[in-house]
Amino acid sequence: MGKLFNETNEKFAKYCVPTYAPAKMFVRGEGARLWDDEGVEYLDFAAGISVCNLGHCNERVSRAIETQCRRLVHISNLYMNDLMPVLAEKLAVSSGMPDAQVFFANSGAEANEGMIKLARKYGNQTGRNTIISMDNSFHGRTLATLAATGRAKYRKGFEPDMPGFKQVPFNDFEALEKAVTPDVCAIMLEMVQGEGGIYPADVEYLKKVRALCDEKDILMLCDEVQCGMGRLGTRFAFQSFGVIPDAISMAKAIANGLPMGGFMARKKFASLMVVGTHASTFGGTPLACAAALAVQEAFDKDGVLENTIEVGSYIMDKLSAFVDKYDFVQTVRGKGLMIGLVLNCNAAPLSGILMKKNLITLTAGETVLRLLPPLTITKADADIAVAKIGEALEEFAKEQK
Ligand SMILES: Cc1ncc(COP(=O)(O)O)c(C=O)c1O
């Protein structure tokens, strides 16, 4: 670790609330590459946890930020901003969601909070305000999104839990159907569970959820914070499954690294959120919107989504070979460039070995090595990553003995 890291780490320990334990410092990024404080180069298969989906310091996005930051950064939502409705139109029209309307916020948790409020606003008209979410899900760290999150460990110590949420097993329609009591106003799920371990939803399950929501007049809410914005090879995650929800939340990659989030909902529901019912000071600033519009332009012009599908299946095919080779590698799971190498043991040591080989990866659940490279990743870089994973698995296998 370099001098700069050590000096900074001292300040971190003294002045920052100790919620994080950063073991590395990166000072520069370009595309799928990061450099640490000693100038060492890394291949990034985490993309800031699916945030820098176009790679670090993407030319289009950086140019848009540079121009906009000299024009206008923030004005508040008391005044019209010339970019926010343009971005909302772009998202709504390209989603195919009928009469979609968008609300902008700043993070995934805040996006989900807004979507939860929307569902309650609709449900409360008929005395219903319980939301069903899924076991193993992750929806954020605010109190309502923690209550929606289907992993109790995140709530520990922060009791009492916010009321109005209950969880059922994911991809289990019978359990879901049983849980739809007269107080339920919405069903909330991730189309591919991210933090929980890269579990894609079954298409047939989603179709049944859609039909159940229609039948019971309840909202189908999809958290696309991690699996959306091109990650699965479609602009929106639900487009990969052919099932249209009533509302989705989005954040992370929407502005390729500038903080932005939001929810998009069918007008029937969104129109209930009238003036004064919800707000966010920073939501949809001109600066964040300029970056997000550049992201959308990249989807339109740079073949990003096509690359995601092609390189995603290329990587999954290559990783499959490790399932036959090592008995502790159970399967490869995922969609697009949201990929999990599923082990039968803790995946953190494997991710640690890979970091020493200058490949940045993540874990999910306890046993999944999670790969979320930029969507612009090349096959050549995919080959480098797969080779490093092969070497790391070999070392890991020896350590297991
Ligand atoms: C599916 C999902 N929802 C919500 C969140 C929370 O997002 P944020 O950390 O921006 O609040 C995350 C973060 O990992 C996520 O993966």
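This is a short tour of a predicted model, stop by stop.

**Stop 1: the ligand**

Select the ligand and show its surroundings. The shell holds 15 residues. S107, G108, A109, V225 and Q226 are the closest of them. Now colour helix 5, residues 108-124. Helix 5 supplies the largest share of the shell, 3 residues. Colour the shell by class next. There are 7 polar, 5 nonpolar and 3 charged residues around the ligand.

**Stop 2: two hairpins**

Move to residues 26-30, strand 1, and residues 33-36, strand 2. These two strands pair in the antiparallel sense over 4 bridges. Pick R28: W35 in strand 2 is its bridge partner. Strand 1 and strand 2 form a hairpin, with 2 residues between them. Stop at G31 in the turn, where phi is positive, about 60°.

Carry on to strand 3, residues 41-44. Strand 3 runs antiparallel to strand 2, and 3 bridges join them. Find R33; its bridge partner in strand 3 is L43. This hairpin has 4 residues between its strands. Which residue here takes a positive phi near 85°? Select G39.

**Stop 3: a four-strand sheet**

Next, show the open sheet of 4 strands in the order 13-14-17-16. The pairing is antiparallel. Which strands are at the edges? Strand 13 (329-335) and strand 16 (362-364) are, each pairing on one side only. Look along the sheet: from one strand to the next, the twist averages 30°.

Zoom in on strand 14, residues 338-343, and strand 17, residues 368-371. They pair over 4 bridges. One bridge to select is V342 with V368 of strand 17.

Two helices belong in this view. Helix 11 lies across strand 13, strand 14 and strand 17, and runs at about 170° to strand 13. Helix 12, residues 348-356, packs on the sheet and touches strand 14, strand 16 and strand 17. The direction of helix 12 makes about 170° with that of strand 16.

**Stop 4: helix 11 against helix 13**

Keep helix 11 (residues 304-325) and add helix 13 (residues 379-400). Their axes come within 10 Å and cross at roughly 20°. Angles under 35 degrees count as roughly parallel, so helix 11 is roughly parallel to helix 13. The crossing is right-handed.

Show side chains at the contact:

- From helix 11: V311, Y314, I315, K318, L319 and F322.
- From helix 13: K379, A382, V386, G390 and L393.

By class, this contact has 8 nonpolar residues, 1 polar and 2 charged.

How values were computed:
Residues are numbered from 1 along each chain as its sequence is written. This is a predicted model: local features need pLDDT of at least 70, side-chain atom pairs count only at pLDDT 80 or more; totals for chains, interfaces and linings use all residues. A residue is near a molecule or strand if its C-beta atom, placed from the backbone, lies within 6 Å of it. Ala, Val, Leu, Ile, Met, Phe, Trp, Tyr, Cys and Pro count as nonpolar, Asp, Glu, Lys and Arg as charged, and the others, Gly among them, as polar. Axes are lines fitted to C-alpha atoms, for helices over the stretch in contact, and angles run from 0 to 180 degrees between N-to-C directions. Angles under 35 degrees count as roughly parallel, over 145 as roughly antiparallel, 65 to 115 as roughly perpendicular and the rest as oblique. A crossing is left-handed if the near helix is turned anticlockwise from the far one by less than a right angle, and right-handed if clockwise. Two residues are in contact if their C-beta atoms, placed from the backbone, lie within 7 Å. Two strands pair if DSSP finds at least two bridges between them.
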